[in-house]
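Me: I've got a model open and would like to learn how to read it. Can you take me through it one feature at a time?

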Amino acid sequence: MRLGGRIAAAIEIIEDMDSRRRPVADALKDWGLSHRFAGSGDRAAIGNIVYDVLRRRRSLGWRMGDDTPRALAFAAVVDAGLSADDLSTSLAGDRFAPQMPPLDGFARLAQARLDDAPDAVAADVPDWLAVPLARSLGDDWVIEARAMGDRPPLDMRVNTLRASRDDVMAKLGAFGAVPTPHAPHGLRIPPIQGDGRHPNVQVEEAFQTGQFEIQDEGSQIAALLAGARPGLSVLDYCAGAGGKTLALAADMAGEGTVHAYDADRQRLAPIWDRLRRAGAEAVTVHAPRDDLSPLAGTMDLVLVDAPCTGSGTWRRRPDARWRLTEQQLHRRMAEQEKVLSAAAQFVRPGGHLAYVTCSVLEEENGARVGRFVETHPDFRVEDASTLWQQQLPIAGTPYIPADVAGGRAMTMTPHRTGTDGFFFARLARIGDA
Ligand SMILES: C[S@@+](CC[C@H](N)C(=O)[O-])C[C@H]1O[C@@H](n2cnc3c(N)ncnc32)[C@H](O)[C@@H]1O
């Protein structure tokens with residue numbers, strides 16, 4: 001396909017998403033199924049145009065003076081580096097090319113200054129999110145929100161039960177994998193440029209033999225700061241597909257037990273294969289209806305990787321920011337309170353409760369922890385900056401600190417830590433049994 005056909009396809013996919021209010025992944029998949037002639041390079045290029053539109057939807061529309069899918073797709077292509085003149089030359093004689101928007105739109109695109117735009121436009125978020133984001137991210141919230149629209153890197157965590165970071169880095173050298181800036185077992189392939197796409201590292205022998213997992217550096221750091229050590233009894237209460245379970249198990253080096261639990265059988269299902277591949281034998285999986293009561297009051301560490309809006313993952317799921325509603329946020333907050341209280345009963349006196357979300361919104365983070373401490377006076381919030389310094393001593397403290405109930409929590413963000421957005425707080429249960 002030539003560029004014109006790719007832009008036409010991107011417009012069709014955006015229109016489909018908008019009219020049927022469906023996730024971008026579904027719209028792209030359906031388009032691929034009904035256009036089987038399109039090669040993998042075409043699909044990657046079309047996907048990049050669609051994703052780039054979703055990353056900058058409001059600001060591109062504002063700069064072009066036109067927010068139709070057609071104008072947005074053309075604006076995204078020009079914003080990615082092709083001049084309007086080169087674009088026009090490239091489309092000449094292409095019978096599949098859609099009609100170009102008027103040239104004065106491209107002139108506006110080049111000249112418009114986002115400093116002059118309303119904050120929510122410059123930040124590329126729906127209006128209702130401006131206040132919660134400003135409250136959560138501080139004075140730099142517009143810069144923070146824009147960084148949440150950048151293309152993300154592909155991060156991996158080396159499984160120290162099977163391999164060293166140097167070994168795996170050598171095996172992935174052809175893909176440009178380098179150590180992550182902070183996490184000690186992380187590798188990173190930088191964000192894609194232009195029409196490219198990330199390599200499918202899951203077909204590599206090193207992946208198939210459990211030497212690494214795909215995991216954002218922020219998620220790796222959150223698991224590390226929780227503080228799993230060899231010999232401990234740990235409960236991963238919202239284990240899902242096991243991303244953090246695997247990291248906890250590796251930190252425990254096969255000594256002690258990680259109990260992995262999730263309320264949703266579907267979400268838990270992939271964990272079995274992942275555990276086998278990783279050689280994580282110290283993990284016991286508990287299905288949703290299992291009786292966990294024998295574990296009550298016995299765990300050294302309970303990790304709550306809570307259900308959340310996922311606002312920290314907008315780099316990877318840029319349509320999510322446009323789909324999120326206030327009602328959904330309130331539903332997640334209620335779930336977070338419920339899950340924290342349910343999980344807390346498993347912490348032994350003197351043990352720890354780590355609370356993590358992949359959201360940057362204060363309502364889901366510090367506010368929920370503050371509320372929990374009000375109703376659970378036997379827990380106190382620790383100083384997460386001390387944990388960071390212990391675990392990541394050479395990396396400094398680039399995250400956003402948050403004072404919560406007399407302790408200190410942290411928010412990682414694409415702008416500050418170069419990771420997805422994650423919140424982390426650790427609480428200690430008073431007592432020394
Ligand atoms: C953020 S995801 C977990 C991701 C996972 N820890 C990982 O690193 O791959 C949140 C999980 O919480 C689970 N969950 C929601 N409500 C729950 C509850 N009341 N009890 C236990 N798990 C719950 C969801 O099914 C979902 O899998």
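Reply: Sure, starting with residue classes: Ala, Val, Leu, Ile, Met, Phe, Trp, Tyr, Cys and Pro count as nonpolar, Asp, Glu, Lys and Arg as charged, and the others, Gly among them, as polar. Keep in mind that this is a predicted model, where local features need pLDDT of at least 70, side-chain atom pairs count only at pLDDT 80 or more, and totals for chains, interfaces and linings use all residues. Numbering starts from 1 along each chain as its sequence is written.

Me: What is the mean pLDDT of the protein?

Reply: pLDDT is the predictor's confidence in each residue, from 0 to 100. Here the mean is 95, and 100% of the residues reach 70 or more. The model also scores ipTM 0.99 and pTM 0.96.

Me: How many residues surround the ligand, and which are the closest?

Reply: A residue counts as near if its C-beta atom, placed from the backbone, lies within 6 Å of the molecule. That gives 17 residues, the closest being C238, G240, G243, A263 and D264. By class, the shell splits into seven nonpolar, three polar and seven charged. Helices (H or I, at least four residues) and strands (E, at least two) are DSSP runs, numbered from the N terminus. The largest share of the shell, three residues, comes from α18.

Me: Which residues does UniProt list for "binding site"?

Reply: Such positions are given in the numbering used here, with feature names shortened, and annotations may be inferred rather than shown by experiment. The unreviewed UniProt entry lists D262 and D305. They're spread over 44 residues of sequence yet cluster in space, with a largest C-alpha distance of 10.3 Å.

Me: Is D262 buried or exposed?

Reply: Count the other C-beta atoms, placed from the backbone, within 10 Å of the residue's own: 20 or more is buried, 12 or fewer exposed, in between partly exposed. D262 has 24 such neighbours, so it counts as buried. D262 sits in the loop between β6 (257–261) and α15 (265–268). D305, in strand β8 (residues 299–305), is buried because it has 25.

Me: Where are the buried residues on helix α9?

Reply: An α-helix has 3.6 residues a turn, so residues three or four places apart point the same way. In α9 (residues 130–137), the buried ones are P132, L133, S136 and L137. They cover an arc of only 105° around the axis (taken from the directions from the helix axis to the C-beta atoms), so they lie on the same side of α9. Just after α9, G138 takes a positive phi of about 80°.
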